[in-house]
Amino acid sequence: VTQIGLEAGEGADIGIENKSFILKRIFLSNPAIKEIAYVGLSGKEEVRINELNSNGVSEENLRDLSKDESFIAARNGNYYMGKVYFEGSNPVAMVSSPGKNTSGNIVSVLRSKVSLARIQSILHGAIIGGSGYVYLVDERGTVIAGGLDGPLLGSNAGNNEIVQYLIKGNDFIGPEKQARYENFMSDEVVA
């Protein structure tokens with residue numbers, strides 16, 4: 001999530017039309033964004049654009065996000081990336097950032113649903129050596145993306161000792177840390 005200037009100056013709001021214009025430009029220039037919204041400090045969406053409503057959802061369909069963790073984190077000055085979840089076979093995540101005026105005060109929140117499908121396409125053909133493969137998991141061990149012979153998307157690889165080791169922040173860099181094990185196809189491999 002990139003931080004963009006949301007306000008014209010100290011306390012001067014740029015207005016709904018300008019916010020809508022900015023969001024539409026961001027939305028149309030980045031196919032990974034599936035939904036994007038400006039959220040006021042009260043937690044009420046001011047403008048939301050998504051795949052079904054590229055001109056913006058109607059005012060009566062704007063949501064109250066005051067209790068949503070992505071809003072709360074950004075309102076408090078933090079960048080936020082939520083847990084990855086699947087919409088069909090497409091991994092997505094909610095991200096948000098604080099919107100600041102020219103004085104650096106938080107005046108709004110920019111919140112977006114982002115597709116991680118591009119990561120899937122990058123890793124899909126990845127092969128290591130003759131029988132190795134690459135796959136990406138979230139902090140629970142759910143497979144988000146992977147190569148052809150790896151575990152299925154959305155499956156749980158968290159019970160694999162190697163995956164558990166990596167989720168805890170460890171690595172296998174250097175010969176002293178390499179480990180031999182059986183992969184998902186029961187082939188012996190080196191991590």
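**Exercise 1. Which residue forms a salt bridge with Glu139, and how far apart are the closest N and O atoms?**

Before the solution, a word on the model. This is a predicted model, where local features need pLDDT of at least 70, side-chain atom pairs count only at pLDDT 80 or more, and totals for chains, interfaces and linings use all residues. Residues are numbered from 1 along each chain as its sequence is written, and side-chain values use heavy atoms, with hydrogens and water left out.

*Solution.*
- Step 1: start with the rule. A salt bridge is a side-chain nitrogen of Lys or Arg within 4 Å of a carboxyl oxygen of Asp or Glu.
- Step 2: find the partner. Glu139 pairs with Arg140, and their closest N and O atoms are 3.6 Å apart.
- Step 3: check the surroundings. Buried means under 20% relative accessible area, exposed means over 50%, and partly exposed is in between (1.4 Å probe, protein chains only). Glu139 is partly exposed because its relative accessibility is 43%, and Arg140 gets the partly exposed label too, with 40%.
- Step 4: zoom out. Searching the whole structure turns up 11 salt bridges.

**Exercise 2. Follow Lys19 to its salt-bridge partner, then to a ring.**

*Solution.*
- Step 1: look at the partner. Lys19 forms a salt bridge with Glu46, with 2.6 Å between the closest N and O atoms.
- Step 2: place both ends. This pair ties together distant parts of the chain, with Lys19 in helix α1 and Glu46 in strand β4 (residues 45-50), 27 residues apart. Helices (H or I, at least four residues) and strands (E, at least two) are DSSP runs, numbered from the N terminus.
- Step 3: compare the labels. Lys19 counts as buried because its relative accessibility is 1%, whereas Glu46, at 25%, counts as partly exposed.
- Step 4: find the ring. Lys19 lies over the face of Tyr38, 5.6 Å from the ring centre. For this label, NZ of Lys or CZ of Arg has to be within 6 Å of the ring centre and within 35 degrees of the ring normal.

**Exercise 3. Work out how Glu35 and Glu45 fit into a network of salt bridges.**

*Solution.*
- Step 1: list the members. The network links Glu35, Glu45, Arg48 and Arg63.
- Step 2: recall the general idea. Side chains of opposite charge can pair when their charged atoms come close.
- Step 3: take Glu35. Glu35 sits in strand β3 (residues 33-39) and is buried, since its relative accessible area is 10%. Glu35 forms a salt bridge with Arg63, the closest N and O atoms being 2.8 Å apart. That pair also joins distant parts of the chain, as Arg63 is in the loop between β4 and α2 (69-75), 28 residues from Glu35. Arg63 itself is partly exposed, at 30% relative accessibility.
- Step 4: take Glu45. Glu45 lies in strand β4 and is buried because its relative accessible area is 1%. A polar contact of 2.8 Å joins the side chains of Glu45 and Arg48. The side chain of Glu45 also reaches the backbone nitrogen of Arg63, at 2.8 Å.
- Step 5: pin down the term. A polar contact is a pair of N or O atoms within 3.5 Å; within protein, one must be able to donate a hydrogen and the other to accept it, and residues adjacent in sequence count only if both atoms are side-chain atoms.

**Exercise 4. Which residues make up the largest nonpolar core?**

*Solution.*
- Step 1: use the rule. A nonpolar core is a set of buried Ala, Val, Leu, Ile, Met, Phe, Trp, Tyr and Cys residues joined through side-chain atoms within 4.5 Å.
- Step 2: name the members. The largest core has eight residues: Leu23, Phe27, Ile33, Ile36, Tyr38, Val47, Ile49 and Leu110.
- Step 3: sort them by element. α1, β3 and β4 each give two or more residues, and β3 gives the most, with three.
- Step 4: visit one member. Leaving out residues up to four places away in sequence, Leu23 touches Ile36, Ala37, Tyr38, Val47, Ile49 and Leu110; contact means heavy atoms within 4.5 Å.
- Step 5: spot the other core. A second, separate core has six residues, including Ala37, Val39, Leu65 and Ala74.
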